[in-house]
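Trainee: Could we go through this model together, starting with the overall layout and then moving to the details?
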Amino acid sequence: DWSRYAVGMKSDADHGYDAFSAKSTSSHYTMVMGSTTRLPVAFGAKGQTAEARNTAEAEVIALDYATFRAALPLAATLEALLRRDAKLPGYGDNDASLIAAKKGHSRRLGYVRKYQRMSLSALRRVWVGKEPHERFGLPCPNFLGRVSSGDNEADLGTKPLEAERHH
């Protein structure tokens, strides 16, 4: 019964880890989830296009990357194949970025629309749904919550692999 399954997503970022450019790395881990099962579907890591000024900025850019490049396309594919709505739980490990995404705006991150080319209000639409003043629209089945760094599989994409010398 596919109604018990959801498209799960976890995102993470390192803040300015690249010593040469001070740019952060975004990472995501996307899976099909059941009550006791997880099927990994996509994993990715990508350098951010501009330097993040703080950890919350780096994390919200990673959340945007994971949402629009991995989770939503997978959810749309499953919805087309199964002909039913897909639930979309998402997780991150930074409270400030999760709050900004749920609110759809932030005074401290107001510049990200121009500087990082991303929209907090678009993230709000995905994770919260319709605005309070809108009369029409469906309630949002999606969920955005916190996961500890130790339980965040996306964390792997933000760490460099150790260099080994082969003889």
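Mentor: What follows is a short walk through the fold, the sheet, a helix contact and two residues.

Mentor: Please keep in mind that this is a predicted model, in which local features need pLDDT of at least 70 and side-chain atom pairs count only at pLDDT 80 or more, while totals for chains, interfaces and linings use all residues. Residues are numbered from 1 along each chain as its sequence is written, and side-chain values use heavy atoms, with hydrogens and water left out.

Trainee: How many helices and strands are there in the protein chain?

Mentor: The protein chain has 4 helices and 5 strands, where helices (H or I, at least four residues) and strands (E, at least two) are DSSP runs numbered from the N terminus. Read from the N terminus, the elements come as β-β-β-α-β-α-α-α-β.

Trainee: And what share of the residues is buried?

Mentor: Of the 167 residues in the protein chain, 44% are buried, with buried meaning under 20% relative accessible area, exposed over 50% and partly exposed in between, for a 1.4 Å probe and protein chains only. As for contacts (heavy atoms within 4.5 Å), among those between residues at least 6 apart in sequence, 64% join residues at least 24 apart.

Trainee: Now the sheet: in what order do the strands lie?

Mentor: The sheet is open and has 5 strands in the order S3-S2-S1-S4-S5, with mixed pairing; two strands are said to pair if DSSP finds at least two bridges between them. Strand S3 (38–47) and strand S5 (143–146) are the edge strands, each pairing on one side only. From one strand to the next, the twist averages 20°.

Trainee: Which strands does S1 pair with, and in what sense?

Mentor: Strand S1 (residues 6–14) runs antiparallel to S2, to which 9 bridges join it, whereas its pairing with strand S4 (residues 89–92) is parallel and rests on 2 bridges. Met9 has a bridge partner in each, namely Thr30 in S2 and Gly90 in S4, while Lys10 stands opposite Tyr29 in S2.

Trainee: Why is S1 described as largely enclosed?

Mentor: Because 9 of the 9 residues of S1 are buried, the strand is largely enclosed by the rest of the structure. Both of its faces are covered, with Ala6, Gly8, Lys10, Asp12 and Asp14 buried on one side and Val7, Met9, Ser11 and Ala13 buried on the other.

Trainee: What about S2 and S3, how are they connected?

Mentor: S2 and S3 form a hairpin with 4 residues between them, and they pair in the antiparallel sense over 9 bridges. In that pairing, Thr25 stands opposite Gly47 in S3. As 8 of the 9 residues of S2 are buried, S2 too is largely enclosed by the rest of the structure.

Trainee: Switching to helices, at what angle do H1 and H2 cross?

Mentor: Helix H1 (residues 55–82) and helix H2 (residues 95–103) have axes that come within 8 Å and cross at roughly 55°. That makes H1 oblique to H2, given that angles under 35 degrees count as roughly parallel, over 145 as roughly antiparallel, 65 to 115 as roughly perpendicular and the rest as oblique. The axes are lines fitted to C-alpha atoms, for helices over the stretch in contact, and angles run from 0 to 180 degrees between N-to-C directions.

Trainee: Which residues meet there?

Mentor: On the H1 side they are Ala56, Glu59, Val60 and Leu63, which meet Ala96, Ser97 and Ala101 in H2.

Trainee: And how does H1 sit against the sheet?

Mentor: H1 lies across S1, strand S2 (25–33), S3 and S5, and it runs at about 160° to S1.

Trainee: Let's pick out Ser11: is it buried or exposed?

Mentor: Ser11, which has its place in strand S1, counts as buried because its relative accessibility is 2%. Leaving aside neighbours within four places in sequence, its contacts include Glu59, Ala62, Leu63 and Ala66, as well as Ser27, Tyr91 and Asn152.

Trainee: Last one, where does Val126 lie, and what does it touch?

Mentor: Val126 lies in helix H4 (residues 120–127) and counts as buried at 11% relative accessibility. Not counting residues up to four places away in sequence, Val126 touches Thr67, Phe68, Leu72, Leu88, Cys140 and Asn142. Val126 and Cys140 are 14 residues apart in sequence and 7.9 Å apart in space, C-alpha to C-alpha.
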